[in-house]
Amino acid sequence: MSLLKAVIKKLGIILLTLLLVSFAVYAAFELIPGDPALSKLGTDATPEALAALRHEMGLDKPFIFRYFSWLLSCLKGDFGISLSYGRTVSSMIISRIPVTVFLTLFSTLITVVVSIPVAVLMTKYAGRFFDRFTYVVNQLVMSVPSFFAGILFTWFFGMILKLFKPGGYVSYDKDLPGFLFYILFPSIAVALPKCAMSVKLLRSSILEEADKDYVRTAYSRGNSTMQVMYRHVLKNALIPLVTFWSMSVADMIAGAIVIEQVFNIPGLGRILLSSIQNRDYPVVEAVIMLIALVVVVMNLLSDILCKKIDPRLKS
Amino acid sequence: MKKGRVLLAALFVTMAAALGGCAGGKTAETPEDHITIGIPQDLDDGLDPHKVSAAGTKEILFNVYEGLLKYDENGALNPAIAESYDVDEDRMGYTFHLRSGVKFHDGSSVTADDVVYSLKRLSGADGSDPLEEALINIADIQKKDENTVYVKLLKEDPDFLCYMTDAIMPASNADPETNVIGTGPYKFVSHTPQESVELEAFDEYWGEKAHIKNVTLKIISNADSIVMELKGGTIDMFCRLSDTQVAELEGSDFNIEEGAMNLVQALYLNNDFGPFEDERVRQAICYAIDPEEIMAYVSGGKGSEIGSAMFPAFGKYYDPALNDTYNKDTEKAKALLNEAGYGDGFSFSITVPSNYTPHVATAEVIVEELKEIGVTAEIKLVEWDTWLSETYMGRNYEATVIGVDASPLTARALLDRYASDANNNFVNFKDPDYDTALAAALSETDDAVQTEYYKECLRLLSEHAASAYIQDLPSFVALNKKFSGYKFYPLYAQDFASLYYTGE
């Protein structure tokens, strides 16, 4: 019973968040200057043509009315029609989702896979040269913004080493391996700062755990250093990291939006930016709702995961 | 830990697969069959040729759609779908003789019905809103026979034929917004929003066929990556590069062609804003601004000075003498300000759309120049959409730097916006003499006399300092040395059909 209650409560919070986000986006478009009809007509606009197009787009109706009719059709699964392209919003967004998903997935994977061994090694040699050296490098990497790393990568790997063609993005439905290879470099650029932060967090988390009593007990039971590290210490040290990583996913989607510009990748970020410029609010609404959904779901997942790793949190 | 290993393995497998796929390469078509052209903006205002407004969309549809007549690179009107035309004695009726054997991209032949349908759609004679404002002047459109269409006007219009370059589309096409069927040298294959547009040469084109079979237009929204993509070889051509981008391309595989943007770039002054209501203040601003200095800073000294609302490509109307109406003279500017009661200077803001780097750079020079006469200008960067709604439509601004183009390619398109009651008179210029001269020009049918009236208009704009006219910006095109044949048009048109392959 209490489980059902908890689930209902969580779902309620998710829905409420999405509702608030959707309203905020709609309201923002009402407040900022610019008009989708005018954006489409440009400097050729005559007052008559403008009025006609506004009517066609339904912009002549009051704001609240438009919001609720949009919300209603959303609930029916219809996200409307893009004001600038005349295509359905869902058809425009669905083809972009894999691009951003792969970017985020790759970056998350790189972050997790790289940071754990590095942090473990650092603690193994805590205070020695390797630890200190890596610490400095880590600090440096942490302060490099993704877009700058992206520019450096294009220059170094693209222009000098010619590992990939800058701007030579290939679509995943045309050439999947080519797509994955191209996506690799921006993924690393997005992952780098997150990776450095994870290393720093994990290092201190492991060191903290290593001082606890259960570690001594584990040693006394005849476990080797490695066994203690992987079976006991790491498991506990990872708890704060799980929360960090799940929040990073949301952050990395945002990072992907910027990196998509640097590498000329047509993902969700690109469509979001240009739709904001065109005041194409049905598209903006849908993309932002999608991102908001990912954020709340990741939050939920990290809660569940933490409870799974640490049974004490269950109560 | 087991889980970690699985993840690691998965990652390596994916990477290996990716690397393998890359090494394998693709079997490409022969190089002369394909060109990739970078374009800065998407075709996001639709694809219906009668409805699109963005210059970037129009210049691409130029390859796909044609009108009864078509502009060439000199701005002259040539027959296209119409083989010839006759004009009635009273210049109120036009008979168009259609060329035989002109095919639409879907394989059907162009008929008189298609022409009547398209013209009715444009002029609103089918009962809908007119899509080309100037064509409400059409009284009647008749199909005389299968190959002849007759158009009767309500009143004489010397510019009428310019509008006959508007697209002819098949009457059977119910959805021109997504189903693109024209008669041009290239047919439209596909459009992936924000990614690319594919065009393919049309084998049954009536005129000289396109040389390059496939054209990919790649949308590059990030201006900083243009040079990189050109150098990296992902695009073969890019139009309207800046002076700095051209400098970065030095020594690479690109030929740089230089033309003009065909714009009237000016510091447009809102004539309804306090100080600018006084003609002397506007003149003072003109005296303070030196186009040469701006060109040196903005485009490495390239560009052509203008003294009124006309660019040099329009040789018929362009009067170089007007460039000297206000040669830089700080003392005179100060004296004029003093006379107008602004001896201590004043301050105003210059609104500039942030996406147009040359306009922003121009505004920066102007700010410095105005300091010399004690006027403080402050740059206000806005987004293009905000500029459109607040500055252009709302006229809620003090001054702005922008370039105005002629669409269609007539003097009227540049000049009728200065009529006191014009709905696109965004500078709020009001002068009875100008209104008289413009009205005389519009109703005049003798070309020589009409030209004189238009020149009079230009003189008045300069004299009354409607705004501070600066220059027609230079336009640089980078074209990979493998290709040649780029043509500059005095209007928004990119003619891909003229490009050809010259060899590696």
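**Stop 1: the two domains of chain A**

Start with the contact inside chain A: 13 residues of domain 1 touch twelve residues of domain 2. This is a predicted model, so keep that in mind at every stop. To set up the view, colour residues 3–75 of chain A as domain 1 and 89–314 as domain 2, following the domain assignment. Their centres, taken over C-alpha atoms, lie 32 Å apart.

Now select the domain 1 side of this contact. Two helices of chain A, α1 (2–31) and α2 (36–41), each supply at least two of its residues. The largest share comes from α1(A), with nine residues. Colour that side by class: you should find seven nonpolar, four polar and two charged residues.

**Stop 2: α1(A) against α13(A)**

Stay on α1(A) and add helix α13, residues 281–309 of chain A. The two axes come within 9 Å and cross at roughly 150°. How do the two helices run relative to each other? Angles over 145 degrees count as roughly antiparallel, and α1(A) and α13(A) are therefore roughly antiparallel. Their crossing is right-handed.

Show side chains next. From α1(A), pick Lys10(A), Ile14(A), Thr17(A), Leu18(A), Val21(A), Ser22(A), Val25(A), Tyr26(A) and Phe29(A). From α13(A), pick Tyr281(A), Val284(A), Glu285(A), Ile288(A), Met289(A), Ala292(A), Leu293(A), Val296(A) and Leu300(A). These residues make the contact. By class, they come to 14 nonpolar, two polar and two charged.

**Stop 3: α9(A) against α11(A)**

Move to another helix pair in chain A. Select α9, residues 176–210, and α11, residues 225–262. The axes are 9 Å apart, and the packing angle is about 160°. That angle makes α9(A) roughly antiparallel to α11(A). This crossing is right-handed.

Walk along the contact. On α9(A), the residues include Pro186(A), Ala189(A), Val190(A), Lys194(A), Leu201(A), Leu202(A) and Glu209(A). On α11(A), look for Val233(A), Leu234(A), Pro240(A), Leu241(A), Phe244(A), Met252(A) and Ile259(A), among others. The whole contact has 16 nonpolar, five polar and two charged residues.

**Stop 4: the interface between chains**

Zoom out and show both chains. Here 45 residues of chain B are in contact with 46 residues of chain A. Select the chain B side. Its helices α1 (2–24), α5 (226–232) and α11 (384–393) each supply at least two residues. Which of the elements gives the most to this side? The answer is α1(B), with twelve residues. Recolour the chain B side by class: 17 residues are nonpolar, 17 polar and eleven charged.

**Stop 5: the sheet of chain B**

Finish in chain B, with an open sheet of six strands. Trace the order β14-β18-β13-β17-β15-β16; the pairing is mixed. The edges are β14 (304–305) and β16 (376–382), each pairing on one side only.

Centre on the β14(B) edge. Two bridges join β14(B) to β18, residues 468–472 of chain B, and the two strands run antiparallel. Pick Glu305(B): it stands opposite Gln471(B) in β18(B).

Last, bring back α11(B), one of the helices that supplied residues at the chain interface. Here α11(B) packs on the sheet and touches β15 (347–353), β16 and β17 (399–404) of chain B. The direction of α11(B) makes about 125° with that of β15(B).

Definitions and conventions. Residues numbered from 1 in each chain as written. Chains lettered and ligands numbered in written order. Predicted model: local features only at pLDDT ≥ 70, side-chain atom pairs only at ≥ 80, totals over all residues. Contact = placed C-beta atoms within 7 Å. Helix = DSSP H or I, 4+ residues; strand = E, 2+ residues; numbered from the N terminus. Nonpolar A, V, L, I, M, F, W, Y, C, P; charged D, E, K, R; others polar. Axes fitted to C-alpha atoms, helices over the stretch in contact; angles between N-to-C directions. Parallel < 35°, antiparallel > 145°, perpendicular 65-115°, else oblique. Left-handed = near helix turned anticlockwise from the far one by under 90°. Pairing = 2+ DSSP bridges. Domains from an automatic or database assignment.
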